[in-house]
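Welcome! Take a moment to look over the sequence and the 3D view, and then we can walk through some local features together.

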Amino acid sequence: MGTENVPSSIVQFAQLDKLLYLCRANSLWPMTFGLACCAIEMMCTGGSRFDISRFGAEVFRPSPRQSDVMIVAGTITKKMEPAVRTLYDQMPEPKWVIAMGNCAISGGPFKCKNNYNVVEGADQFLPVDVYIPGCPPRPEALLEGIMTLEEKLTGSRRWPRRQPEKIGSLS
């Protein structure tokens, strides 16, 4: 009715969307949730030595309804899978998943022919956004995973990636 003559400069949501994603990326609230030994490294990341608060993710929330990042840290068994799925379903949108450690990515050393109770990766039943390899991954790897998630949200990186220096040639 009156929408034919509306100039395009009045309605601009792209800048607002950029601002919202920047705010979301700098205030990620992970859930207090750990399944195995990778959770110890996740707890170390929250300590003063590695200081996850530099990235706005220091508030580990006790409830899935208050968090927007699930860090699956450790081995997922078939018995635990419905509980992990329930916690994921209780998280509000938008929500993201980080698979931390070889067990959360692929089942780890527990994945073998006759082992029936280990889920072979969180991506079998959750949409994983960032994978952090290692057994267990160092706290620096979790910080890199959080920066990768921030980069995925905003489209830009907080700090540039460093390329390793070449020491010399073997000629």
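How many salt bridges does a search of the whole structure find? The search finds four salt bridges. Please keep in mind throughout that this is a predicted model.

## Salt bridges

Let us begin with the pair Lys152 and Asp129, whose side chains meet in a salt bridge at 3.2 Å from N to O. This pair ties together distant parts of the chain, with their positions 23 residues apart in sequence: Lys152 belongs to helix H5, while Asp129 sits in the loop between helix H4 (102-106) and strand S3 (130-132). Asp129 is partly exposed, at 24% relative accessible area.

Another salt bridge joins Glu93 to Lys95, where the closest N and O atoms are 3.8 Å apart. Are these two residues buried or exposed? Glu93 is exposed, with a relative accessibility of 64%, whereas Lys95 is buried at 14%. Arg138 and Glu140 form a salt bridge as well, with a distance of 3.3 Å from N to O. Arg138 is partly exposed at 46% relative accessibility, and Glu140 is partly exposed at 39%.

## Where two helices meet

Helix H5 (residues 139-154) also packs with helix H2 (residues 38-45). The angle between them is about 75°, and their axes lie 8 Å apart. The two helices are therefore roughly perpendicular to each other.

Which residues make this contact? From H2 come Glu41, Met42, Cys44 and Thr45, and they meet Pro139, Leu142 and Leu143 of H5. Sorted by class, the contact has five nonpolar residues, one polar and one charged.

## Asn26 and its neighbours

Asn26 lies in the loop between helix H1 (14-25) and H2. It is partly exposed, with a relative accessible area of 36%. Leaving aside residues up to four places away in sequence, Asn26 touches Phe55, Gly56, Glu150 and Arg158. Cys37 is eleven residues from Asn26 in sequence, and the C-alpha atoms of the two are 27 Å apart in space.

## Cysteines without a disulfide

How many disulfides are there? The count is zero. For Cys38, the closest cysteine sulfur is that of Cys37, and at 4.9 Å this is too far for a bond, because a disulfide needs the two sulfur atoms within 2.5 Å. Cys103 is in no disulfide either, as the nearest cysteine sulfur, in Cys135, is 5.7 Å away.

Both Cys38 and Cys103 are tucked out of reach of the surface probe by the numbers used here: Cys38 is buried at 4% relative accessibility, and Cys103 is buried at 9%.

## Unusual backbone spots

Most residues other than glycine have a negative phi, and most peptide bonds are trans. Where does this model depart from that pattern? A cis peptide bond joins Glu93 and Pro94, with omega about -10°. Pro94 is in the loop between helix H3 (81-90) and strand S2 (96-100). Cys135 and Pro136 are also joined by a cis peptide bond, with omega about -20°, and Pro136 is found in the loop between S3 and H5.

Asp51 is not a glycine, yet it has a positive phi of about 55°. Asp51 is placed in the loop between H2 and strand S1 (69-73), and it is partly exposed, with a relative accessible area of 27%.

How values were computed:
Residues numbered from 1 in each chain as written. Predicted model: local features only at pLDDT ≥ 70, side-chain atom pairs only at ≥ 80, totals over all residues. Heavy atoms only, no water. Axes fitted to C-alpha atoms, helices over the stretch in contact; angles between N-to-C directions. Helix = DSSP H or I, 4+ residues; strand = E, 2+ residues; numbered from the N terminus. Parallel < 35°, antiparallel > 145°, perpendicular 65-115°, else oblique. Contact = heavy atoms within 4.5 Å. Nonpolar A, V, L, I, M, F, W, Y, C, P; charged D, E, K, R; others polar. Buried < 20%, exposed > 50% of the residue type's maximum accessible area, 1.4 Å probe, protein only.
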